[in-house]
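Please work through the following exercises with the sequence and the structure side by side. Each one gives a task and then a solution that goes step by step.

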Amino acid sequence: MMENKEKNLSALETEKQYEYIQKCREYVQQKEKELGRTLKACVNTFGCQMNARDSEKLVGILEQIGYEITENEDCDFVIFNTCTVRENANTRVYGRLGQLKNYKKKNPHMMIALCGCMMQEPHVVEKIKNTYRHVDLIFGTHNIYKFAELIYNCLNSDRMIIDIWKDTDKIVEDLPSERKYSFKSGVNIMFGCNNFCSYCIVPYVRGRERSRNPKDIIREIETLVADGVREVMLLGQNVNSYGKNLEQPVTFAELLSEVEKIEGLERIRFMTPHPKDLSDELIDVMSRSEKICHHIHLPLQSGSTEILKKMNRRYTKEQYLSLVERIREKIPDVSLTTDIIVGFPGETEEDFLDTMDVVRKARYDSAYTFIYSKRTGTPAAVMENQIPEEVVKERFDRLLKEIQQISAEMTRKNVNKTMKVLVESLNEQDESLVTGRLSNNLLVHFKADVSLIGQIVDVYLKEAKGFYYIGERV
Ligand code: SAH
Ligand code: SF4
Ligand code: F3S
């Protein structure tokens, strides 16, 4: 009963948004007549897959309104979908915003919108209001489904429109979205995060955890598959806690088993599992599955139990390593990747050596390493013993060297094997090559033409180059 009521509300909201799309379309058509040319919009995305998926929703709405999508920021409507996970993400946005000012001088009806995680921080919005007055629209992460309505409001106002919600319990289904790739797609299975790792801003800017109904997820994937999608990436900040708060709780492993049944779908990926919640049930489902890729991104963050505790990660070095062991035992050909933060407050040389130790024992196929970045409002930002830059840099370099060496060794293991590859694009440097992705997430470059894009083919791995391969089609 409750569920039905929510459903109707979501459907009503969707209907309302389609009405706004229509109203905006009338504006665009009229403006095009006036100018004698098409109107163009550019969406620039910073940050993670979550943001990339959100941008596809923004592009979907823009296309329905009638904008032509361009990569060029010198156009009629620029949208920055921002990230604030580390300080340098913010710096880049401010830099680019400054440049937009000149385009707007040339093209006064140009609109500029900012959305995404950075906009959920009050001090950022304050700064934009004061220093970047050429911005027309600011909205957050919880109300992107209202994009058409916000554009409409913007068209009818001379003032900067700001609409930011602190949090939401709402999930609006069935809005348009335009995929970047025809053959693969991200699929949100949940929004928000409840973990509050002490360094991380995400729970503050993405709100509390909300899971989508399994039925809505399955229906979305079925529609995607009917439209040519062969690979989906299930997205959430901690996919292992998927479904816990649904009226009829469902585990992530159960959801995966349902997704597996979808005919025509060939590959399933997911991002990100949290080590503290990764269940044996999930490992079992993965090991039995024909479709779930044998790749697990398992963020370590630190190898020191002491630091992990301060990070509020809720696992120890030993628990992490034993999890890795269990995974490797059940899924021998698994590819493991990770995220590591260097220089968390209070990190001693000994703590850092624990991280190096886990890296050597876990033997990652690849790893993203980050220098700790202080995020205002998080508990870690006010912890004592912030680590001096030179110490962090030195550790970072040592870690990177170790990781590169191990991933080169790991990559070499597959040389001379023939593996299935999903061809994704023409090679950027050499157009006689295409680039494809193995089930384990590594890239292969091999001779072929565009007609193969979107297909899954057998490729012989001739040579390993650090973290990618040169191959040959068989
Ligand atoms: N939910 C995912 C990741 C989200 S953010 C998870 O739990 O793994 C992606 C990565 O950014 C994190 O894994 C972490 O390594 C890094 N990160 C997050 N906050 C950071 C900070 N303040 N400084 C440096 N790196 C950070
Ligand atoms: Fe951030 Fe931790 Fe949530 Fe990941 S699980 S988004 S690192 S708080
Ligand atoms: Fe993603 Fe950055 Fe937001 S990593 S969730 S876009 S803060």
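**Exercise 1: the surroundings of ligand 1**

Task: find which residues come nearest to ligand 1 among the 15 around it.

Solution. Of those 15 residues, the nearest are Arg86, Gln237, Gln301, Asp339 and Ser373, where a residue is near a molecule or strand if one of its heavy atoms lies within 4 Å of it. Before going further, note that this is a predicted model, in which local features need pLDDT of at least 70, side-chain atom pairs count only at pLDDT 80 or more, and totals for chains, interfaces and linings use all residues. Residues are numbered from 1 along each chain as its sequence is written, chains are lettered from A and ligands numbered from 1 in the order in which they are written, and side-chain values use heavy atoms, with hydrogens and water left out.

The next step is to look at single contacts, where a polar contact is a pair of N or O atoms within 3.5 Å; within protein, one must be able to donate a hydrogen and the other to accept it, and residues adjacent in sequence count only if both atoms are side-chain atoms. Glutamine 301 places a polar side-chain atom 2.7 Å from an oxygen atom of ligand 1, and aspartate 339 has a polar side-chain atom 2.7 Å from an oxygen atom of this ligand. Serine 373 contributes a backbone N or O atom, which lies 2.7 Å from a nitrogen atom of ligand 1.

On its own, ligand 1 has 540 Å² of accessible area, and the protein covers 90% of it; such areas come from the Shrake-Rupley method with a 1.4 Å probe, and for residues only the protein chains shown count as cover. The elements that give two or more residues to the shell are β13 (335-342) and β14 (366-371), with helices (H or I, at least four residues) and strands (E, at least two) taken as DSSP runs, numbered from the N terminus. By class, the shell has 7 nonpolar, 4 polar and 4 charged residues, where Ala, Val, Leu, Ile, Met, Phe, Trp, Tyr, Cys and Pro count as nonpolar, Asp, Glu, Lys and Arg as charged, and the others, Gly among them, as polar.

**Exercise 2: strand β13 and its partners**

Task: decide whether the residues of β13 are buried or exposed, and find which strands pair with β13.

Solution. In β13, 8 of its 8 residues are buried, that is, under 20% relative accessible area, whereas exposed means over 50% and partly exposed lies in between (1.4 Å probe, protein chains only). In a regular strand, side chains alternate between the two faces of the sheet. Here Ser335, Thr337, Asp339 and Ile341 point one way, while Leu336, Thr338, Ile340 and Val342 point the other way, and all are buried.

For the partners, two strands pair if DSSP finds at least two bridges between them. Strand β12 (residues 295-297) pairs with β13 in the parallel sense over 3 bridges, with histidine 297 opposite threonine 337. β13 also pairs with β14 in the parallel sense, over 6 bridges, and threonine 338 stands opposite alanine 367 there. From β13 the chain crosses through α12 to β14 in a right-handed β-α-β crossover; right-handed means that, with the strands pointing away from the viewer, the path from the first strand over the helix to the second runs clockwise.

**Exercise 3: strand β4 in its sheet**

Task: work out in what order the 6 strands of the open sheet stand, and which strands pair with β4.

Solution. The order is β2-β1-β3-β4-β5-β6, with parallel pairing. β2 (68-69) and β6 (161-163) stand at the edges with a single partner strand each, so one side of each is left without a neighbour in the sheet.

Strand β3 (residues 77-82) pairs with β4 over 6 bridges, isoleucine 79 standing opposite alanine 113. β4 and strand β5 (residues 137-139) pair over 2 bridges, and leucine 114 has isoleucine 138 as its bridge partner in β5. In β4 (residues 111-116), 6 of its 6 residues are buried.

**Exercise 4: a loop residue**

Task: find where arginine 363 lies.

Solution. Arginine 363 is in the loop between α12 and β14. Its phi is positive, about 50°, although it is not a glycine, and at 29% relative accessibility arginine 363 counts as partly exposed.
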